[in-house]
Amino acid sequence: MNTEGKNITKEFSLGAQRAFEIVQKENPDLIILQSRSPSCGIKQIYDGTFSGKKITGHGLFAAFCINAGYKVLDIEDIDEYVSANEVEVPH
């Protein structure tokens with residue numbers, strides 16, 4: 001539901017599917033996703049009530065990526081990932 005109470009499941013699902021089609025075409029090594037997003041959350045997502053309540057689980061787009069075997073990273077974990085993998089970040 002959106003903030004006006006309209007069911008937007010169809011549009012939401014279509015957007016996630018189209019974004020995933022781009023992933024399949026580009027075949028990235030790593031996908032960095034927004035924390036807690038109903039689309040992109042990896043560890044937790046907002047429950048959709050616009051109350052700020054979070055639930056454990058993956059967002060729809062994140063689930064597509066994870067289930068297909070792509071490596072995904074929560075944006076909040078990027079510093080830890082960079083340090084652990086000795087990745088150089090351009091300035």
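I'll start at Glu80, which counts as exposed because its relative accessibility is 60%. Glu80 belongs to helix α3, residues 78–85. Its C-alpha is 15 Å from that of Ser35, and the two residues are 45 apart in sequence. Before going further: this is a predicted model, and every value I quote is computed from it.

Now the overall layout. The chain has three helices and four strands. From the N terminus onward, the order is α-β-β-β-α-β-α. The C-alpha trace spans about 45 × 30 × 25 Å along the principal axes of the chain. The chain has 91 residues, and 25% of them count as buried. On contacts: if you take those with a separation of 6 or more, 49% are between residues 24 or more positions apart.

Next, the core. In soluble globular proteins, nonpolar side chains tend to be buried together. Here the largest nonpolar core has twelve residues. They are Ala16, Phe20, Val23, Ile31, Leu33, Cys40, Ile42, Phe61, Ala62, Cys65, Tyr70 and Val72. Three elements, α1, β1 and α2, each supply at least two residues of this core. β1 is residues 31–33, and α2 is residues 60–67.

Let me stay on α2 for a moment. Its buried residues are Phe61, Ala62, Ala63 and Cys65. An α-helix has 3.6 residues a turn, so residues three or four places apart point the same way. The cover over the buried residues of α2 includes α1, β1 and β4, with β4 at 72–74. Take Ala62 as one example. Leaving out residues up to four places away in sequence, Ala62 touches Leu33, Ser39, Cys40 and Gly41. Leu33 and Cys40 are also on the list of core residues. Just after α2 comes Gly69, with a positive phi of about 90°.

Two of the core residues are cysteines, Cys40 and Cys65, which brings up the obvious question. How many disulfides does the structure hold? The count is zero. A disulfide is a covalent bond between the sulfur atoms of two cysteines. For Cys40, the closest cysteine sulfur is the one in Cys65, at 8.0 Å, and that is too far for a bond. The cut-off applied here is 2.5 Å between the sulfur atoms. Going the other way, the closest cysteine sulfur to that of Cys65 is in Cys40, so the distance is again 8.0 Å. Are these two cysteines buried or exposed? Cys40 is buried, at 18% relative accessible area. Cys65 is buried as well, at 0%. The threshold for buried is under 20%.

On to the loop between β1 and β2, where I'd pick out two residues. One is Arg36, which lies in that loop and has a positive phi, near 65°, without being a glycine. For context, most residues other than glycine have a negative phi. Arg36 counts as partly exposed because its relative accessibility is 22%. The other is Ser37, also placed in the loop between β1 and β2. Ser37 counts as buried, since its relative accessibility is 16%. Setting aside neighbours within four places in sequence, Ser37 is in contact with Ile45 and Gly59.

There is a positive phi at Phe50 too, about 60°, and again the residue is not a glycine. Phe50 sits in the loop between β2 and β3, the latter being residues 54–56. Phe50 is exposed, with 57% relative accessible area.

Phe50 also leads to my last topic, the largest pocket, since Phe50 is one of the lining residues. The volume of this pocket is about 320 Å³. Which elements give two or more residues to its lining? They are α1, residues 9–26, and β2, residues 44–46. The lining in full is Met1, Asn2, Ile8, Thr9, Phe12, Pro38, Ile45, Tyr46, Asp47, Gly48 and Phe50. By class, that makes seven nonpolar residues, three polar and one charged. Ile45, which I named as a contact of Ser37, is in this lining.

To recap three points: a nonpolar core of twelve residues, zero disulfides, and a largest pocket of about 320 Å³. That's all from me.

Methods: Residues are numbered from 1 along each chain as its sequence is written. This is a predicted model: local features need pLDDT of at least 70, side-chain atom pairs count only at pLDDT 80 or more; totals for chains, interfaces and linings use all residues. Side-chain values use heavy atoms; hydrogens and water are left out. On a 1 Å grid over the protein atoms alone, a cavity is a set of points where a 1.4 Å probe fits but cannot get out, and a pocket is an open set with protein on both sides within 12 Å along at least five of seven lines; lining residues have an atom within 4 Å of a point. Grid points are joined across faces, edges and corners, and a volume is the space filled by probe spheres set on the points. Ala, Val, Leu, Ile, Met, Phe, Trp, Tyr, Cys and Pro count as nonpolar, Asp, Glu, Lys and Arg as charged, and the others, Gly among them, as polar. A nonpolar core is a set of buried Ala, Val, Leu, Ile, Met, Phe, Trp, Tyr and Cys residues joined through side-chain atoms within 4.5 Å. Buried means under 20% relative accessible area, exposed over 50%, partly exposed in between (1.4 Å probe, protein chains only). Contact means heavy atoms within 4.5 Å.
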